[in-house]
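Biologist: Could you take a close look at one part of this model, the cavity and the ligand, and describe what lines the space and what the ligand contacts?

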Amino acid sequence: MSPRRPAFERRAFGAKQILPQSRITSVEVEMIPEEQNKALEAWQASARYWDKYRVVIAQMFAPLTSGLVEEARIGPGQEVLDIGGGSGEPSLTISGIVGPTGSVMYTDPVAGMVESAQAEAGRRGLTNIHFRQCSADDLPFVDRTFDVAVSRLSAMFFADPVTGVREALRVIRDDGSVSFVVWGAKEVNPFFSTITDVIDRFVEVPQQDPDAPDPFRFAVPGKLAGILENAGAKIVIERRLNFQIKAAISFEQFWQLRTEMSDSLRTKMAGLAPAQILTIKQAVADAARRYFVGGTMSFPAEALIVSGGKSARR
Ligand SMILES: C[S@@+](CC[C@H](N)C(=O)[O-])C[C@H]1O[C@@H](n2cnc3c(N)ncnc32)[C@H](O)[C@@H]1O
């Protein structure tokens with residue numbers, strides 16, 4: 001178990017909530033292949049920035065990894081599947097937790113992400129992580145291969161979430177579990193909204209399908225839990241996780257990181273004149289001032305951890 005136990009834990013992890021059937025709704029639709037290719041191309045374009053900012057990303061989202069590890073009860077000797085591992089988290093952290101008697105199978109459909117994560121594992125000399133380039137909805141593993149499947153901030157981008165969860169359930173053992181961490185509502189995640197609220201006043205934002213891939217696709221409580229239920233998961237549990245997105249960076253560094261890492265921000269900024277960008281940046285700096293104190297960035301944040309078992313024996 002990681003020695004870093006987040007201070008938010010007691011406050012954040014309230015009573016277990018087993019969702020009643022009545023809240024289970026899913027109108028999820030599968031993305032058409034052309035849309036899926038475009039989405040993966042966007043992630044490929046983002047991969048170099050996720051690599052560039054890997055140290056800060058690891059710090060900012062460490063509480064999510066801790067929450068996931070705790071929820072999935074990951075320990076030494078386990079065989080863990082990571083779905084949508086991006087530049088390497090939570091695989092790299094879990095590699096240390098499962099130790100030499102365990103293993104991690106990192107997966108991501110985007111070549112640039114796989115290369116970035118694999119290179120980092122090599123630099124760290126980790127030998128218990130294996131890498132496969134694949135999508136959540138078509139996992140190239142035989143049934144019952146892993147003890148646990150986890151996914152940090154990726155489920156909201158699955159082309160077909162029900163199939164993705166069903167695949168995760170298929171490849172875990174009968175007493176195994178799946179755990180997904182996703183963002184809570186945009187309104188309680190100023191790390192995102194301080195920029196998008198301002199920029200969206202300058203850029204026409206087309207009406208978005210709430211079921212389309214997006215960081216906040218599963219922000220509504222019960223939505224991802226409903227997908228787990230539809231995919232056949234048992235004992236579905238949803239927890240709210242309140243934490244601080246913290247790192248020793250300035251506003252200037254935050255602005256650069258956010259506007260480089262996000263494909264949607266890169267696209268929006270590309271359509272703006274330099275003077276408009278300066279105006280937006282100043283407005284964001286004013287709105288974000290209270291989150292930058294004494295050389296440290298600290299945004300309040302909210303995520304949901306949604307878990308389920310393959311059988312009711314979890
Ligand atoms: C926000 S990043 C999260 C990466 C990493 N898990 C982390 O927390 O730092 C989302 C990841 O989901 C991946 N992704 C996109 N579509 C996917 C799919 N259909 N199946 C699995 N992963 C997918 C992207 O390539 C990207 O690496």
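Modeller: Sorted by class, the lining of the largest cavity in this predicted model consists of 17 nonpolar, nine polar and three charged residues. That lining is made up of 29 residues, and W43, G84, D108, S154 and F157 are the ones that lie nearest the centre of the cavity. Turning to where the lining comes from, helix 2 provides its largest share, with five residues, and helix 2 and strand 2, which spans 103–108, each supply at least two residues. The volume of this cavity is about 440 Å³, and the count of cavities of 30 Å³ or more comes to two. As background to such values, rolling a probe the size of a water molecule over the atoms shows where empty space is left.

The ligand sits in this largest cavity, and a shell of 19 residues surrounds the ligand, the closest being G84, E89, D108, A136 and R152. By class, that shell holds eleven nonpolar, five polar and three charged residues. Helix 2, covering residues 33–52, gives the most to the shell, with three residues, just as helix 2 supplies the largest share of the cavity lining.

Among the polar contacts, D108 places an N or O atom of its side chain 2.6 Å from an oxygen atom of the ligand, and D108 is also one of the residues that lie nearest the centre of the cavity. R152 likewise contributes through its side chain, where a polar atom lies 2.6 Å from an oxygen atom of the ligand. With A136 the backbone takes part, as one of its polar backbone atoms is 3.0 Å from a nitrogen atom of the ligand. On its own the ligand has 590 Å² of accessible area, and the protein covers 97% of it.

One of the closest residues, E89, deserves a further remark about geometry, since the peptide bond from E89 to P90 is cis, with omega near 15 degrees. P90 itself is found in the loop between strand 1, residues 79–83, and helix 5, residues 91–98. A separate backbone feature to check concerns R73, a residue other than glycine whose phi has a positive value, near 50 degrees; R73 is found in the loop between helix 4, residues 62–71, and strand 1.

Note on methods. Residues numbered from 1 in each chain as written. Predicted model: local features only at pLDDT ≥ 70, side-chain atom pairs only at ≥ 80, totals over all residues. Heavy atoms only, no water. Near = heavy atom within 4 Å. Polar contact = N/O pair within 3.5 Å; in protein donor to acceptor, adjacent residues only side chain to side chain. Areas by Shrake-Rupley, 256 points an atom, 1.4 Å probe, with all protein chains shown as cover. 1 Å grid on protein atoms, 1.4 Å probe; cavity = no way out; pocket = protein on both sides within 12 Å on 5 of 7 lines; lining within 4 Å. Sits in = over half its atoms within 2 Å of the grid points. Helix = DSSP H or I, 4+ residues; strand = E, 2+ residues; numbered from the N terminus. Nonpolar A, V, L, I, M, F, W, Y, C, P; charged D, E, K, R; others polar. Points joined across faces, edges and corners; volume = space filled by probe spheres on them.
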